[in-house]
Amino acid sequence: MAPILLTPVSADRGRNEIDLLSIHDLPLTSGAVVTQPVELQNPDPYQIDLPYRWEGQHPARLQVAISGSDGALLSEEMAAFNNTTSPDWLEPAGDGSVWQHLGAKIQPLRVPPGAANEIILRLTRVDREPGTLVLFASNKMPATAGQPAFSIDSRLTMVERPAEVLEFESEYGKPRPAWQKVPTYFSRLQSLAPPWLPFPVPELLLLLVVATGLGLYILTLRPI
Amino acid sequence: MAVIVLALTKGLLWAVTIPGWYGPDEPSHFAYIQGIVEDHMIPIRPDVNASLYYPFEIGCSENRLGIGPLGPFHAEPPFGATGSNCSQSATSSRHASAPVNAAASYDPIYYLGAVPFYLLATSQVVETRLAATRLWSVLLGVLSAVLAFLAFRLAFEESTGTALAATVLFILQPMNSQQTAVINNDALLIALAAAFWWRFYHSIRYGVTLRNAILLGLLVGLAYLAKPQGLFLAATLPVLFALTIRRDSLGVTIRGVARLTAASAAPVIGALALGQLVSVLAGRTSLLIPSAPGLHGVQQYLQAYGANHLERVYTVFVAGFWGNFGWNQVSLPDSLYVLIVFLTVIGLVGCGRLLLRPLSLRSLVVSSAVGVLVAAALIQLLELYAFRISGSLILQGRSFLMLLIPVIVLLLLGWQRLLPRAAGWGLAPATVMLALTLNLVSLARMVDVFYG
């Protein structure tokens with residue numbers, strides 16, 4: 001439990017950004033460019049998480065430029081994308097999860113302070129390593145006649161590929177240990193709880209599970 | 001009493017932690033129940049696009065809870081983002097536009113049991129009705145915990161502590177926790193299977209009677225009506241009868257096994273006939289869409305399991321059986337899966353060593369192992385059958401949860417065998433602590449993905 005509680009987590013994540021139903025490889029050869037508009041969903045954006053796959057010996061390098069929707073450059077930096085192959089002892093076989101199946105890892109890209117509403121993420125591969133760096137994309141679902149408004153895919157597409165969306169997830173707020181976010185977790189959970197489980201019943205349920213579990217632990221310590 | 005408190009509090013906690021509609025196939029199972037109450041009918045046609053025909057309020061509610069056009073597979077509730085675009089009139093629509101449902105091939109036994117819980121909140125919004133209906137699965141989870149305790153008491157007659165630890169592992173097994181907290185007919189199958197294994201181990205201990213054989217058959221029949229793979233529990237019965245019957249002579253033994261098998265088969269055949277009757281009366285059709293002949297043979301099936309370093313084997317029997325939650329959005333940490341594999345292998349090695357010695361535990365090990373292997377093999381064959389017809393791989397790890405009780409018996413017996421005698425006292429508390437930690441880690445992972 002301790003590693004989970006100490007893991008740094010951001011205050012919030014972007015919603016409805018990744019589509020696992022039509023996810024596919026987006027190969028990026030040396031010199032290739034990808035430009036993806038990103039609609040920020042909250043104030044205080046912190047980073048963009050970019051899934052990728054890279055099996056080269058040395059890190060692949062990308063120039064990451066972030067500009068505002070008016071075209072003004074907000075930041076420009078180099079990012080190194082390390083090899084994504086995991087040791088066999090940790091992943092003796094894929095666990096069936098999408099990212100593991102795709103052999104992907106996540107590269108965080110820092111969003112400059114002051115970015116708001118919409119930013120343009122421009123990625124240029126600048127290394128000369130042999131091999132293809134793979135990013136991931138999904139298809140923008142076309143709207144059909146009579147389709148309910150809530151089910152329309154409103155994501156912004158890549159400039160170079162107008163029918164596809166780069167797979168990424170935005171994060172908001174500076175990361176802090178997960179235990180510090182426990183009140184947020186509880187308040188969000190509480191907001192979806194049914195009326196017969198008002199505050200603090202879910203919290204008490206958790207305490208009761210832990211207490212009963214520990215009680216049973218003590219009970220089994222004695223010969224019965 | 002502690003078992004009931006743990007099962008109930010854990011069930012309620014999981015039911016409130018997994019957001020509405022985030023249980024696997026939950027919209028379909030809920031729409032089935034809602035159709036019985038609001039439209040007075042059961043669905044007759046399964047369809048992969050069945051959600052198009054569900055009451056509009058379900059789609060709206062899914063959208064409110066973050067499941068949008070991109071499907072549920074990487075969705076989280078939005079919290080503070082813009083709300084649903086559904087109008088008030090749309091959200092009040094409770095009626096399906098056609099009797100089409102992805103769960104239409106299932107008999108209505110689980111869904112009819114859920115109706116009173118739906119009615120408890122009938123005047124409420126759809127999310128509240130969904131939460132109320134989940135209580136049916138939670139209660140089935142409590143029932144299965146009690147029945148599992150009775151089964152483990154018989155399997156570990158010499159140690160109540162081990163039986164208690166086995167029950168705690170059963171209650172807190174993460175996938176079992178999910179399936180008895182969301183709307184899904186797995187919950188009823190798990191409860192009926194727990195009753196089956198209780199009577200199974202009772203027969204191992206005290207010998208099988210005609211009455212017990214009929215009861216076992218009845219439980220298999222009900223399990224079949226809950227979910228078709230429940231039928232495969234029946235395959236363990238002839239083995240049970242052969243192991244437990246008094247062996248006066250070969251002829252008497254064969255006649256005895258045949259008599260008990262016939263007695264247990266009667267209610268199973270009755271359940272099959274009842275299921276068929278409901279199917280004919282309702283005019284149900286098959287979900288499997290035939291693929292072109294020759295495309296999906298045994299070789300392709302084996303290839304699907306062998307590809308990517310046996311990825312599907314690992315997905316089904318490790319990740320999917322222990323911890324791929326929601327619509328597979330939430331997974332346990334890799335290192336935990338490795339630990340689970342390690343402990344399972346240790347347990348099986350211990351069982352193997354038990355078989356090598358003439359011990360009183362041998363019949364318990366053999367019957368549990370045969371029970372697991374035969375039923376699991378038949379479930380696998382069912383998938384092969386579906387694959388040959390349609391090319392679909394239908395199994396998930398949770399498809400094998402009805403075998404959780406004998407699996408736990410085997411693991412604990414195996415661990416017990418390998419532990420030095422002086423350290424044997426520690427097995428039960430270590431199992432309880434392991435199960436509690438596993439459950440809390442699962443909850444923490446879900447909370448971070450769904451509410452982070």
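This is a short selection-by-selection tour of a predicted model with chains A and B.

**Stop 1: chain B as a whole**

Select chain B. Colour by secondary structure and 17 helices and 2 strands appear. The radius of gyration is 22 Å, close to the 22 Å that the globule rule gives for 452 residues, so chain B is as compact as a globular protein of that length. Along the principal axes, the C-alpha trace spans about 70 × 50 × 45 Å. Buried residues account for 53% of the chain. Now turn on a contact map. Of the contacts in chain B between residues at least 6 apart in sequence, 79% link residues at least 24 apart.

**Stop 2: the core of chain B**

Select A151(B), L192(B), A194(B), F196(B) and A223(B). These belong to the largest nonpolar core, which has 147 residues, and they touch the most other members. Helix α6(B) supplies the largest share of this core, 18 residues. Zoom in on A194(B). Beyond its neighbours within four places in sequence, A194(B) is in contact with S144(B), L147(B), A148(B), A151(B) and I405(B). Another core, of 32 residues, lies apart from the one just visited. Its members include V34(A), I48(A), L50(A) and A137(A). Nonpolar side chains tend to be buried together in soluble globular proteins.

**Stop 3: where the chains touch**

Show both chains. Here 63 residues of chain B are in contact with 50 residues of chain A. On the chain B side, select α1 (2-17), α3 (56-64), α6 (126-155), α7 (160-172), α13 (298-322), α14 (334-355) and α17 (427-451); each supplies at least two residues. Which helix gives the most to the side of chain B that touches chain A? That is α17(B), with 12 residues. Colour this side by residue class: 37 residues are nonpolar, 21 polar and 5 charged.

**Stop 4: the four-stranded sheet of chain A**

Hide chain B. Select β4, β9, β6 and β7 of chain A. They form an open sheet in the order β4-β9-β6-β7, with antiparallel pairing. The edges are β4 (33-39) and β7 (73-81); each has a single partner strand, so one side of each is left without a neighbour in the sheet. From one strand to the next, the twist averages 20°.

Next, pick β6 (residues 60-68) of chain A. It runs antiparallel to β7(A), and 8 bridges join the two. For one matched pair, label S67(A) and L73(A), which stand opposite each other.

Then go to V33(A), in strand β4 of chain A. Is V33(A) buried, exposed or partly exposed? It has 15 other C-beta atoms within 10 Å, so it is partly exposed. Leaving out residues up to four places away in sequence, V33(A) touches R122(A), L123(A), T124(A) and E160(A). Draw a C-alpha distance to T124(A): the two residues are 91 apart in sequence but 4.5 Å apart in space.

**Stop 5: strand β10 of chain A**

Select residues 133-139 of chain A. This is β10(A), mostly covered, with 6 of its 7 residues buried. Now add the strands that pair with it.

- β3 (residues 24-28) of chain A runs antiparallel to β10(A), joined by 5 bridges. L26(A) has L135(A) as its bridge partner.
- β5 (residues 45-53) of chain A pairs with β10(A) in the antiparallel sense over 2 bridges. Y52(A) stands opposite L135(A).
- β11 (residues 164-166) of chain A pairs with β10(A) in the antiparallel sense over 3 bridges. Here A137(A) stands opposite L166(A).

A137(A) is also one of the members of the 32-residue core.

**Stop 6: backbone details in loops**

Start with F199(A) and P200(A). The peptide bond between them is cis, with omega near 0°. P200(A) sits in the loop between α3 (182-192) and α4 (201-221) of chain A.

Move to N117(A), in the loop between β8 (105-110) and β9 (118-125) of chain A. Its phi is near 60°, a positive value in a residue other than glycine. N117(A) has 11 C-beta neighbours inside 10 Å, so it counts as exposed.

Finish by showing chain B again and selecting H40(B), in the loop between α2 (26-38) and α3 of chain B. Its phi is near 55°, again a positive value in a residue other than glycine. With 7 other C-beta atoms within 10 Å, H40(B) is exposed.

Conventions: Residues numbered from 1 in each chain as written. Chains lettered and ligands numbered in written order. Predicted model: local features only at pLDDT ≥ 70, side-chain atom pairs only at ≥ 80, totals over all residues. Pairing = 2+ DSSP bridges. Axes fitted to C-alpha atoms, helices over the stretch in contact; angles between N-to-C directions. Rg over C-alpha atoms; globule rule 2.2 N^0.38 Å. Buried ≥ 20, exposed ≤ 12 C-beta atoms within 10 Å, placed from the backbone. Contact = placed C-beta atoms within 7 Å. Nonpolar A, V, L, I, M, F, W, Y, C, P; charged D, E, K, R; others polar. Core = buried A, V, L, I, M, F, W, Y, C linked by C-beta atoms within 7 Å.
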